[in-house]
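Here are a few short exercises to work through with the model open beside you. Try each task before you read its solution.

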Amino acid sequence: MSAYTNFAEVYDTFMDNVPYEEWAEYLEDVLKQHGIADGLVLELGCGTGSMTEIFASKGYDMIGVDNSEDMLEIALDKRMESGKDILYLLQDMREFELYGTVRAIVSVCDSVNYITDDEELEEVFRLVNNYLDPGGIFVFDFNTEYKYQKILADNVFAEDREECSFIWDNYYDEEEKINEYELSLFVRSEKDSDLYRKYQEVHYQKAYTLEKIKALIEKAGLTFVNAYDAYTKNAPLYTSQRICVVAQECLKK
């Protein structure tokens, strides 16, 4: 599970098409349906803290966990600017530790797909179950196998911005169900606008079926509640590229 390093400084630029506010409204609605309108909430794979900040603005006491020091540095800058009382922890979600339980846990932007081993993902879910209050809610999204097979596949994507550009070479291994993408980043120098620094990173994600996700959730002790097509209330389709899952802690004894 590789951490974002050089990409961290331009991550928000290339993610400006992600409707964080809309997703936050959706997640908040799900939590409120389960009676969670305030209290401690953990975001797993919080990245630069965009969603964490929004949830803090909604009145939740936020904790953000991420395994990239570079991403968290940006999150800390945002916290300093907003003045929000957010606790950030530099931890791998496969072995995260909290000081106590939380009312809910959320995870967005296909963070769970970065866990490329079934047993390790089961352990993530087991930790989630352990750190949720009795009856607590876990809401997360994941990229589907359809997206890796039909949309990303063995394609090349590129985007050119004034301050930075990237080339993304994508490779999907049908047999291993592993998606590899090689990022070449070109970031304009702050000292000389005519110069660009080149960075390269390789990331891996695994394609999981909803059936496999559901099985791992239940194996970890959580209760599967529902699954939806992306951030809607519609049932997942074969052509769904992203699926949102709601799971619940099995009332601790």
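Buried means under 20% relative accessible area, exposed means over 50%, and partly exposed is in between. Keep in mind that this is a predicted model.

**Exercise 1. Cysteines**

Find out whether Cys-109 counts as buried or exposed, and which cysteine sulfur is nearest to that of Cys-109.

Solution. Start with the accessibility: Cys-109 has a value of 12%, so this residue counts as buried. Next, look for disulfides: the structure holds zero of them. Cys-109 is therefore unpaired, and the nearest cysteine sulfur, that of Cys-244, is 11 Å away, while the cut-off for a disulfide is 2.5 Å. For contrast, try Cys-250: with a relative accessible area of 33%, that residue is partly exposed.

**Exercise 2. A bridge inside a helix**

Work out how far apart in helix 2 Glu-28 and Lys-32 are.

Solution. First, the contact: the two side chains of Glu-28 and Lys-32 form a salt bridge, at 3.3 Å from N to O. Now count along helix 2 (residues 20–33): Glu-28 and Lys-32 are four residues apart, or about one helical turn. An α-helix has 3.6 residues a turn, so residues three or four places apart point the same way. Then check the cover: Glu-28 is buried at 10% relative accessible area, whereas Lys-32 is partly exposed at 46%.

**Exercise 3. Bridges across the sequence**

Say which parts of the chain are tied together by Arg-103 and Asp-38, then do the same for Glu-145 and Lys-177.

Solution. Take the salt bridge between Arg-103 and Asp-38, at 2.9 Å from N to O. Arg-103 sits in strand 4 (residues 102–107) and Asp-38 in the loop between helix 2 and strand 1 (39–44), so this pair links parts 65 residues apart in sequence. Now the second pair: the side chains of Glu-145 and Lys-177 meet in a salt bridge at 2.5 Å, N to O. Glu-145 belongs to helix 6 (residues 145–152) and Lys-177 to the loop between strand 7 (164–173) and strand 8 (178–188), so parts 32 residues apart in sequence are tied together.

**Exercise 4. An enclosed helix**

Which residues of helix 3 are buried?

Solution. Go along the helix: Ser-50, Met-51, Thr-52, Glu-53, Ile-54, Phe-55 and Ala-56 are buried. That is seven of the eight residues of helix 3 (residues 50–57), so the helix is largely enclosed by the rest of the structure. Step past its end and you find Gly-59, with a positive phi near 100°.

Note on methods
Residues are numbered from 1 along each chain as its sequence is written. This is a predicted model: local features need pLDDT of at least 70, side-chain atom pairs count only at pLDDT 80 or more; totals for chains, interfaces and linings use all residues. Side-chain values use heavy atoms; hydrogens and water are left out. Buried means under 20% relative accessible area, exposed over 50%, partly exposed in between (1.4 Å probe, protein chains only). Helices (H or I, at least four residues) and strands (E, at least two) are DSSP runs, numbered from the N terminus. A salt bridge is a side-chain nitrogen of Lys or Arg within 4 Å of a carboxyl oxygen of Asp or Glu.
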